[in-house]
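Student: Could we go through this model together? I would like to see how each label follows from its value.

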Amino acid sequence: MQQKTLAEVLQNEAAANGLDDKLAKLIEAVAACGVEISSEVACGALLGVLGLAGSENVQGEEQKKLDVISNEIVTKAVLATGVVAACASEEMDHCVAAQSSERLPYLICYDPLDGSSNIDINVSIGTIFSVLPNPREDASAPTDVDFLQPGDRQLAAGYIMYGPQTQMALTFGRGVMLFTLDPRTKTYVLTNDNVKVAEQAKEFAINCSNMRHWEPPVQRYIKELLAGAEGVRGKDFNMRWVAAMVAEVHRILCRGGIFMYPRDNRDPSKPGKLRLMYEANPMSWLMEQAGGRATNGHVRILSIQPEKLHQRVAVFLGAREEVELVTSYHNAA
Ligand code: AFP
């Protein structure tokens, strides 16, 4: 069967589901950024793009050269589409508004290169993006406050993962599609048109070095997983930890499991490590669209009303039965 390209899929979405051509244009621009970033990542040291940029982001984290390069690529591309009123990034303190005399329909937020700690050791990393409606009725420039919309308001979301293959996961709220970039033609080809996450899990992903800092519900849940067939779960589990959320989510979309980054008492002021707007929300929507679940331990992540652009959130996402179980432990505590 002739595999569809991204352009063909977007045309079909427009014809069959009324996908706005401006949104299609934005998604094509983000996908093109993935082609460019994939090339930069693949060259690594050959282009002198590894290592530290000598600067810090708003999170107080040291920026890698590729963090800065990726952010510049995405920011320039999305503002050039002429359909984005403002963009926000993990790598920028505040949103950047487009120069426009007319109202533009979309806001986009992104983590331009998630998993930066993996860059210099040649392990998978990725770009995560989330498209929201511009809430302003007029042509005035959006500010950070305009981005503070619950994840249920997203219009499109996905990621581009730079691994052995470059792959893009994408949802418009009608299921999850998976594309593979053909490096020979620089074309994304649809390789799964209906990704589904198994309701049960055999694998879990969490950074166990933080175990002593977790809250009791997480301690209980992980202890039961580690007890395996000799414990209350009655079966053995496997563990994975890639230290790049994109890779963890991709694995779960491909073969199931649960991913967790709980809040811990290392820094009680932080409700978790991952950011709500451009990591947790897009990944949670993908997971729910694929039949999985995503909570902060208590409520659906997509229902959370953001209070700050770079706010953090605890994340439990993946197999429905596992997320519901660990969430029940939190709500029973
Ligand atoms: P970096 O972008 O700083 O590498 O952080 C990646 C991340 O935000 C997320 O992608 C990983 O799942 C998680 O952090 C890894 O956290 P640990 O470094 O604590 O394992």
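Student: What makes helix α5 largely enclosed by the rest of the structure?

Tutor: Keep in mind that this is a predicted model. A residue counts as buried when its relative accessible area is under 20%. In α5, residues 245–255, nine of the 11 residues are buried, so the helix is largely enclosed. Those buried residues are M245, V246, A247, E248, V249, H250, R251, I252 and L253.

Student: Which residue just after α5 takes a positive phi?

Tutor: That is G256, with a phi of about 85°.

Student: Why are α4 and α7 called oblique to each other?

Tutor: Start with the general picture: two packed helices are described by the angle between their axes and the distance between the axes. Helix α4 (residues 216–227) and helix α7 (residues 320–332) pack at about 140°, and their axes are 8 Å apart. Roughly antiparallel needs an angle over 145 degrees, and roughly perpendicular covers 65 to 115. The pair α4 and α7 is therefore oblique. The crossing of α4 past α7 is right-handed.

Student: Which residues of α4 and α7 meet?

Tutor: From α4 come P217, V218, R220, Y221, E224 and L225, and from α7 come E322, L325, V326, Y329 and H330. By class, the residues of this contact divide into seven nonpolar, one polar and three charged.

Student: How many strands does the sheet with β17 have, and in what order do they run?

Tutor: It is an open sheet of five strands, ordered β12-β11-β13-β17-β15, and its pairing is mixed. At the edges stand β12 (238–239) and β15 (293–295), each with a single partner strand, so one side of each has no neighbour in the sheet.

Student: What makes the pairing in that sheet mixed?

Tutor: Strands of a sheet can pair either parallel or antiparallel. Here β11 (residues 203–205) and β13 (residues 258–261) pair in the parallel sense over two bridges, with A205 opposite F259. By contrast, β13 and β17 pair in the antiparallel sense over four bridges, and M260 has F316 as its bridge partner in β17. The pair β15 and β17 is antiparallel too, over three bridges, and there A294 stands opposite L317.

Student: How do you know that both faces of β17 are covered?

Tutor: Look at the two sides of β17, residues 315–318: V315 and L317 on one, F316 and G318 on the other, and all of them are buried. Each therefore falls under the 20% cut-off for relative accessible area.

Student: What about the sheet of eight strands: which strands stand at its edges?

Tutor: That open sheet has the order β4-β3-β5-β6-β7-β8-β9-β10, again with mixed pairing. Its edges are β4 (96–97) and β10, each with a single partner strand, so one side of each is left without a neighbour in the sheet. Further in, β6 and β7 (residues 156–162) pair in the antiparallel sense over seven bridges, where I125 has Y162 as its bridge partner in β7. Our enclosed helix α5 packs on this sheet, touching β5, β6, β7, β8 and β9, and its direction makes about 105° with that of β7. Helix α1 (residues 6–17) lies across β8 (166–171), β9 and β10, running at about 155° to β9.

Student: What do β9 and β10 form together?

Tutor: They form a hairpin with four residues between the strands. The two pair in the antiparallel sense over five bridges, and D182 stands opposite T187 in β10.

Student: Why is K186 called exposed?

Tutor: The cut-off for exposed is over 50% relative accessible area. K186 has 51%, so it counts as exposed. K186 lies in the loop between β9 (176–182) and β10 (187–192).

Student: What makes the phi of K186 worth a remark?

Tutor: Most residues other than glycine have a negative phi. For K186 the value is near 60°, which is positive. N122 likewise has a positive phi, near 60°. N122 is found in the loop between β5 (106–114) and β6 (125–133). Its relative accessible area of 75% makes N122 exposed as well.

Note on methods:
Residues are numbered from 1 along each chain as its sequence is written. This is a predicted model: local features need pLDDT of at least 70, side-chain atom pairs count only at pLDDT 80 or more; totals for chains, interfaces and linings use all residues. Side-chain values use heavy atoms; hydrogens and water are left out. Axes are lines fitted to C-alpha atoms, for helices over the stretch in contact, and angles run from 0 to 180 degrees between N-to-C directions. Angles under 35 degrees count as roughly parallel, over 145 as roughly antiparallel, 65 to 115 as roughly perpendicular and the rest as oblique. A crossing is left-handed if the near helix is turned anticlockwise from the far one by less than a right angle, and right-handed if clockwise. Contact means heavy atoms within 4.5 Å. Ala, Val, Leu, Ile, Met, Phe, Trp, Tyr, Cys and Pro count as nonpolar, Asp, Glu, Lys and Arg as charged, and the others, Gly among them, as polar. Buried means under 20% relative accessible area, exposed over 50%, partly exposed in between (1.4 Å probe, protein chains only). Two strands pair if DSSP finds at least two bridges between them.
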